[in-house]
Amino acid sequence: MKILMYNTVLKELPFVKDWAAKTGHEVVNLFEPLSVDNAAKAESFDAISTQQTTAMPAPIYKILANSGIKQIALRQVGYDVFDLPAAFANKIRLSNVAAYSPRAIAEYTLTQLFNILRNSKKFDRAMATGDYTWDAGGQAREIYQLTVAVIGVGRIGSAFAQMLHALGAKVLGVDPLYHAQNEAFLEYTTLDDALSRANVISFHTPLNDETRELADQSFFDKIQPGTIMLNMARGEIVDMAALEAALSSGQLYGAAFDVTPNENEFMNQKHELSELPENIQRLTKLDNFYLSPHIAFYTNTAIKNMVEIALNDAVVLANDGFTENEILR
Ligand code: NAD
């Protein structure tokens with residue numbers, strides 16, 4: 001089978017080569033995201049795969065269907081980049097890699113929580129000016145004395161909750177789905193109860209109608225002054241203007257975000273600082289806001305798994321087979 005892989009990143013190439021050698025399939029790499037302009041390039045292929053944060057609008061699926069393509073295998077979790085009705089209308093089957101390494105994201109969330117607790121940014125900035133005093137960063141808090149609300153206790157949220165529990169933190173879980181096995185390391189509760197008790201709030205939900213701007217002004221009004229907020233899930237879950245106000249007023253002690261609603265304007269790209277979106281320029285000047293370029297997933301294990309799982313699914317769906325990773329209507 002001949003597979004066209006869109007938006008390949010260099011770190012994926014060794015795993016692609018290994019997979020092709022193991023399976024005997026041919027993979028051609030294109031280093032740009034799937035778009036209306038390049039969808040027709042799939043014509044001489046049997047299957048396609050992509051990973052991207054830019055949306056795939058409706059016309060793409062018609063072009064693919066006309067090119068004989070039956071599926072798109074996404075090499076990532078978040079499939080809000082698809083136009084699902086347009087894909088289904090054109091009989092394009094879709095798959096995602098729902099769990100390439102939940103621990104990768106959980107470990108990064110923990111890393112950023114420790115950075116905030118230890119005031120790393122303040123200390124780093126002070127030391128860069130020659131200031132090595134304790135006061136430059138301030139005193140830290142210890143994790144085992146904190147209560148952490150995990151909003152969305154799925155694959156990533158439960159991995160994060162287990163790590164926190166192992167470190168001695170009290171963990172609260174908020175999720176409309178109840179999984180009894182999670183009771184071993186967290187206490188399920190309501191969102192309002194979690195907000196009133198938590199020292200740390202961490203989002204691990206998908207973006208959907210309920211979670212879009214879940215953290216709006218009324219949400220920030222309910223949290224304890226001095227709370228820490230972590231968002232490694234999707235930027236649109238948080239109202240960024242309300243976040244900025246909460247960081248400035250002290251309602252938030254600090255926040256770490258790996259995602260923003262406007263990340264497609266600047267993440268995974270190089271810019272002059274002055275060209276960055278204005279709110280990002282303001283936020284990154286703050287000592288208590290930690291921004292990262294959507295890298296929570298970016299480990300060797302995760303990249304290997306996302307390549308292998310997606311390419312396997314591409315073959316299965318192109319052969320009219322079934323995979324548990326298919327996105328069903
Ligand atoms: P998952 O589907 O296993 O878990 C999501 C959980 O959120 C589910 O248990 C679901 O019931 C729950 N949920 C849905 N709506 C909710 C709501 N309104 N309130 C509370 N809980 C709700 O997904 P996952 O694999 O754990 O991934 C979670 C999210 O993490 C993804 O959707 C994606 O946006 C994000 N993500 C980020 C990165 C990164 O690199 N930063 C990488 C992978 C995934």
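Trainee: In this predicted model, is the crossing of α1 and α11 left-handed or right-handed?
Mentor: Helix α1 covers residues 13–23 and helix α11 covers residues 300–318. Their axes come within 9 Å of each other. The crossing of these two helices is right-handed.

Trainee: Is α1 roughly parallel or oblique to α11?
Mentor: The axes of α1 and α11 cross at roughly 40°. Angles under 35 degrees count as roughly parallel. The crossing angle therefore makes α1 oblique to α11.

Trainee: Which residues of α1 make the contact with α11?
Mentor: On the α11 side, the contact involves Asn300, Ile303, Lys304, Val307, Glu308, Leu311, Asn312 and Val315. By class, the residues of the α1 and α11 contact comprise 7 nonpolar, 2 polar and 3 charged. The α1 side is formed by Phe15, Val16, Trp19 and Lys22.

Trainee: Is the crossing of α4 and α6 left-handed or right-handed?
Mentor: Helix α4 spans residues 102–117 and helix α6 spans residues 155–166, with axes that come within 8 Å. These axes cross at roughly 50°, which makes α4 oblique to α6. Helix α4 passes α6 in a crossing that is right-handed.

Trainee: How many nonpolar residues has the contact of α4 with α6?
Mentor: From α4, the participants are Pro102, Arg103, Ile105, Ala106, Glu107, Thr109, Leu110 and Leu113. They meet Arg155, Ile156, Ala159, Phe160, Met163 and Leu164 of α6. In this contact 1 residue is polar and 3 are charged, while the number of nonpolar residues is 10.

Trainee: Is α9 roughly parallel or oblique to α10?
Mentor: Helix α9 (residues 240–249) and helix α10 (residues 278–285) pack with their axes 11 Å apart, at an angle of about 25°. Angles under 35 degrees count as roughly parallel. Helix α9 is therefore, with respect to α10, roughly parallel.

Trainee: Which residues of α10 make the contact with α9?
Mentor: Helix α9 passes α10 in a left-handed crossing. The α9 side of the contact consists of Met240, Leu243, Glu244 and Leu247. By class, the contact has 4 nonpolar, 1 polar and 2 charged residues. The α10 side is made by Asn279, Arg282 and Leu283.

Trainee: Which residues lining the second largest pocket are the closest to its centre?
Mentor: The second largest pocket has a volume of about 220 Å³. Its lining holds 7 nonpolar, 5 polar and 2 charged residues. Of the 14 lining residues, the closest to the centre are Phe266, Gln269, Leu276, Leu291 and Pro293.

Key. Residues are numbered from 1 along each chain as its sequence is written. This is a predicted model: local features need pLDDT of at least 70, side-chain atom pairs count only at pLDDT 80 or more; totals for chains, interfaces and linings use all residues. Side-chain values use heavy atoms; hydrogens and water are left out. Axes are lines fitted to C-alpha atoms, for helices over the stretch in contact, and angles run from 0 to 180 degrees between N-to-C directions. Helices (H or I, at least four residues) and strands (E, at least two) are DSSP runs, numbered from the N terminus. Angles under 35 degrees count as roughly parallel, over 145 as roughly antiparallel, 65 to 115 as roughly perpendicular and the rest as oblique. A crossing is left-handed if the near helix is turned anticlockwise from the far one by less than a right angle, and right-handed if clockwise. Contact means heavy atoms within 4.5 Å. Ala, Val, Leu, Ile, Met, Phe, Trp, Tyr, Cys and Pro count as nonpolar, Asp, Glu, Lys and Arg as charged, and the others, Gly among them, as polar. On a 1 Å grid over the protein atoms alone, a cavity is a set of points where a 1.4 Å probe fits but cannot get out, and a pocket is an open set with protein on both sides within 12 Å along at least five of seven lines; lining residues have an atom within 4 Å of a point. Grid points are joined across faces, edges and corners, and a volume is the space filled by probe spheres set on the points.
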